[in-house]
2 protein chains.
Amino acid sequence: MAVQVSIPKGTRDFNPTEMSKRNYIFDNIKQIFKKYGYQAIETPAMENLSTLLGKYGDEGDKLLFKILNSGNYLGKLEKTEISEDKISEITNLISEKGLRYDLTVPFARYIVQHRNEISFPFKRFQIQPVWRADKPQKGRYREFFQCDVDVIGSNSLYNEFELMQIIDDVFDVLDLNITIKINNRKILAGIAEAIGETDKFAPITVAIDKIDKAGIEKVIEELKQNGLTDSAIEKLKPVLEIKRNTQESIVFLEQMLENSQVGIQGIAEIKTVFEYINKFPVKSAVELDLSLARGLNYYTGAIFEVKSNDVEIGSICGGGRYDDLTAIFGLKDISGVGISFGADRIYDVMSQLDKFPEETNISSDVLFINFGKTEEEKCIEIANHLRKNGISCEIFPQKAKMDKQFKYANNKNIPYVIVIGEDELKNDTATIKNMKAGTQSNIEQTLIVDEFKKLL
Amino acid sequence: MAVQVSIPKGTRDFNPTEMSKRNYIFDNIKQIFKKYGYQAIETPAMENLSTLLGKYGDEGDKLLFKILNSGNYLGKLEKTEISEDKISEITNLISEKGLRYDLTVPFARYIVQHRNEISFPFKRFQIQPVWRADKPQKGRYREFFQCDVDVIGSNSLYNEFELMQIIDDVFDVLDLNITIKINNRKILAGIAEAIGETDKFAPITVAIDKIDKAGIEKVIEELKQNGLTDSAIEKLKPVLEIKRNTQESIVFLEQMLENSQVGIQGIAEIKTVFEYINKFPVKSAVELDLSLARGLNYYTGAIFEVKSNDVEIGSICGGGRYDDLTAIFGLKDISGVGISFGADRIYDVMSQLDKFPEETNISSDVLFINFGKTEEEKCIEIANHLRKNGISCEIFPQKAKMDKQFKYANNKNIPYVIVIGEDELKNDTATIKNMKAGTQSNIEQTLIVDEFKKLL
């Protein structure tokens, strides 16, 4: 009897089919990043806790996976009273490393640490897992992959446009219909100013961010609780309640924010981005969405979110400009802009819409049936030729019942099976079976490579 | 002033050039694995400690990175006295997960957990980082990548041959001269039997394994300490001292092991593997090396090791057959064979021999110089064409001094720079500068795509 084995909750094994589909997404994304001159970096899974703590709020600190110091970690603990209210102090004594929580803070740390080797503007992408001790639930994991692309060290709005081109290219190649929603935090700051609540900018953005999920009523309630005056809320309502297209929104904002300097700047930035898009149209719909806020507070300019047009799911890509990310490590005035693709959600949308190409299900192109030593040798000879010509193939590793070998081909979704038995061996031929069509044909062994070049 | 930031000792950041070179190795290896019908799986970074503990010996248990339980992990600790001699007990109370130490034990766990979905023989590869709290030193890291390929559920020696073909293909495409050394643990068991020390098989293999590093004298000393009789050691010496070629070794063994059943079986296996190699020669040298033992005790049949012919370094690939790996989780009688490529060492060898192709240094193919808004628009138009034709390119994101932009191209090893200034704009031309040769030419804008198809 096999032992009952399991993996930690919220983590996943990926089987060959899942891997193939995931890599289909990652490989396409990587290829597009590279086409625009972005380069890969990787950072270690473990960071010093001093790098991570305090960067994600109190809640984030709690969700960090912390690594027990190696060796006798108890030494420092002996004089400490063990009680729950001293838990952070105790944790500090026994743990100094944690698993990364996102790719953004390690990237900021990377830039600061390597600033003298980096040639700015620095265009990097990074695709790695992150870990969060969140309560696992449907679609939320404790280990999941982030897929980030950023330009840092340039405040040109050309970068915002380029990232939108990248978004468009990625979802075009993945064959998903999407809408790119954009907004600008300076516009939100302008709105806060225009309604007379400049100092409530943070709670206003956090509240607006919830409109999609919670609805306007709930958001207004939250704003009241945060101390917004009734008159401010009255002024805010038309921003949130009325649906406008991009042009209407800009006209509306130009009036509303005419006295807000930051608001005027935000409008100018948005207009520049739309000028790019109008001159060089992308395939996806692009719209200014005033209810888009992005909860995270490090964004300072353009913000993006991508929605699937066909599947009801949260955003599948998002990001924005941050003017001072590396300031958390003391390096000031380096502006950057970046986006992150939500690989797990993209995977779900593609599965639901059946968008993965047939090839992602296929393992080898060909299986050779094994009838024993003599036949096997002929198979090795032909298999070597096929592989040299870029055709993946495998030989069933030992003689076994035919139906077992065919079942193996079936389970692995191998599209073609080559049978070289006694007769074929004698006649220098092979029987090629098309597993999907159920058809078969007999051809000369010397023609197999050419035949497969045609078939595949 | 930037804060002093760092990463945990023994871990590494990988910059774009390093990433490109590492991926050159991984991508080539993956492609070859796939050509032979192996499929990728991935397992989580964290495993339950119950999965990991006891699988790597006492020393291994200590080298596991353990994860502090989330939430109030102190609860269970309150009634426990904190003292060093209770450290494993205390660790059990506050930690139930650890980072994987290798890919083999998680793979065994995977097979047992998913045995009903897997179609055997299961040909899988896995390329992921592993973590060990080892003392960091030159070439030894606390986070490093393993690159494993295994067939499980088939005891045919065809698999051993196929893995040797894979080894040969990998180092052929990476352009490294290597020697594949093979041996068989059954031969070693036969030798232990023939010298009358059957029960000392484990210490004999561990000692033999050290011959390369420690020399024969030290190994003999260790064997004495392990209680081998003088007469046994006298019988063992000719096995270790005399260099023989494969054919001589087999003749020697057939005499020495004529009364050992396991030894005879080992010889038969080795002969079968060499029959394959003789009929289907590989490019690399293949030799039977009786001093090859592989320290790890789960190997039961063929064992492999690959040495670089040009660089003095430990083995760059190794593996073998294990008859009972999944038995650690209660699933018996599933034989497998596998090898692991040492990516870090292969990287070092290739760096030393300068074997990375030029392309691994290159980021984009082309940089467009940015002279401002009007010129930028023309660049966007042409860049879009280039990218559609598979040519990677980037536009410097803002107007800047020429030498700054050229320096950027230099630093990123971009081979071509396109200049479209006022004159070029007027004449619908572009100046293409070859950064390496230092030459430049002026061509019509409409011909740029074709020109680069020729150039790249």
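## Briefing: A:R124 and the A–B interface

A polar contact of 2.8 Å joins the side chains of A:R124 and A:D150. The model is predicted. Two topics follow: the surroundings of A:R124, then the pairing of chain A with chain B. The two chains bury about 8,800 Å² between them. Chain B lies on chain A with an RMSD of 0.1 Å after a turn of 180°.

**A:R124 and its surroundings**

- A:R124 sits in strand β5 of chain A, which spans residues 122-131.
- The relative accessible area of A:R124 is 0%. The cut-off for buried is under 20%, so A:R124 counts as buried.
- Besides A:D150, the side chain of A:R124 has a polar contact with the side chain of A:Q126. That distance is 3.0 Å.
- Leaving out residues up to four places away in sequence, A:R124 touches A:Y38, A:Q39 and A:I41. A:L103 and A:F107 are also in touch with A:R124. So are A:D148, A:V149 and A:D150.
- A:D150 thus appears both as a polar partner of A:R124 and among the residues that A:R124 touches.

**Extent of the interface**

- On chain B, 102 residues are in contact with 102 residues of chain A.
- Of the area buried between the chains, 60% is on carbon and sulfur atoms.
- Interface size is often expressed as the accessible area lost when the parts come together.

**Polar links across the interface**

- The rule finds 6 salt bridges between chain B and chain A.
- One salt bridge pairs A:K279 with B:E377. Their closest N and O atoms are 2.7 Å apart.
- Polar contacts across the interface number 34 residue pairs, both residues at pLDDT 80 or more.
- On the side of chain B that touches chain A, helix α15 (residues 373-388) of chain B gives the most, with 7 residues.
- That side of chain B divides into 47 nonpolar, 31 polar and 24 charged residues.

**Symmetry of the pair**

- The superposition of chain B on chain A takes a turn of 180° and a shift of 0.0 Å along the axis.
- This is therefore the relation of a two-fold axis.
- Within chain B, the C-alpha of B:I67 is nearest the axis, at 2.3 Å from it.
- Why do the copies meet through the same surface? Because 100% of the interface residues of chain B are also interface residues in chain A.

Methods: Residues are numbered from 1 along each chain as its sequence is written. Chains are lettered from A and ligands numbered from 1 in the order in which they are written. This is a predicted model: local features need pLDDT of at least 70, side-chain atom pairs count only at pLDDT 80 or more; totals for chains, interfaces and linings use all residues. Side-chain values use heavy atoms; hydrogens and water are left out. Contact means heavy atoms within 4.5 Å. Buried area is the accessible area (1.4 Å probe) that two parts lose on being put together, summed over both. A salt bridge is a side-chain nitrogen of Lys or Arg within 4 Å of a carboxyl oxygen of Asp or Glu. A polar contact is a pair of N or O atoms within 3.5 Å; within protein, one must be able to donate a hydrogen and the other to accept it, and residues adjacent in sequence count only if both atoms are side-chain atoms. Helices (H or I, at least four residues) and strands (E, at least two) are DSSP runs, numbered from the N terminus. Ala, Val, Leu, Ile, Met, Phe, Trp, Tyr, Cys and Pro count as nonpolar, Asp, Glu, Lys and Arg as charged, and the others, Gly among them, as polar. Buried means under 20% relative accessible area, exposed over 50%, partly exposed in between (1.4 Å probe, protein chains only). Copies are superposed by least squares on the C-alpha atoms of residues with pLDDT of at least 70 in both.
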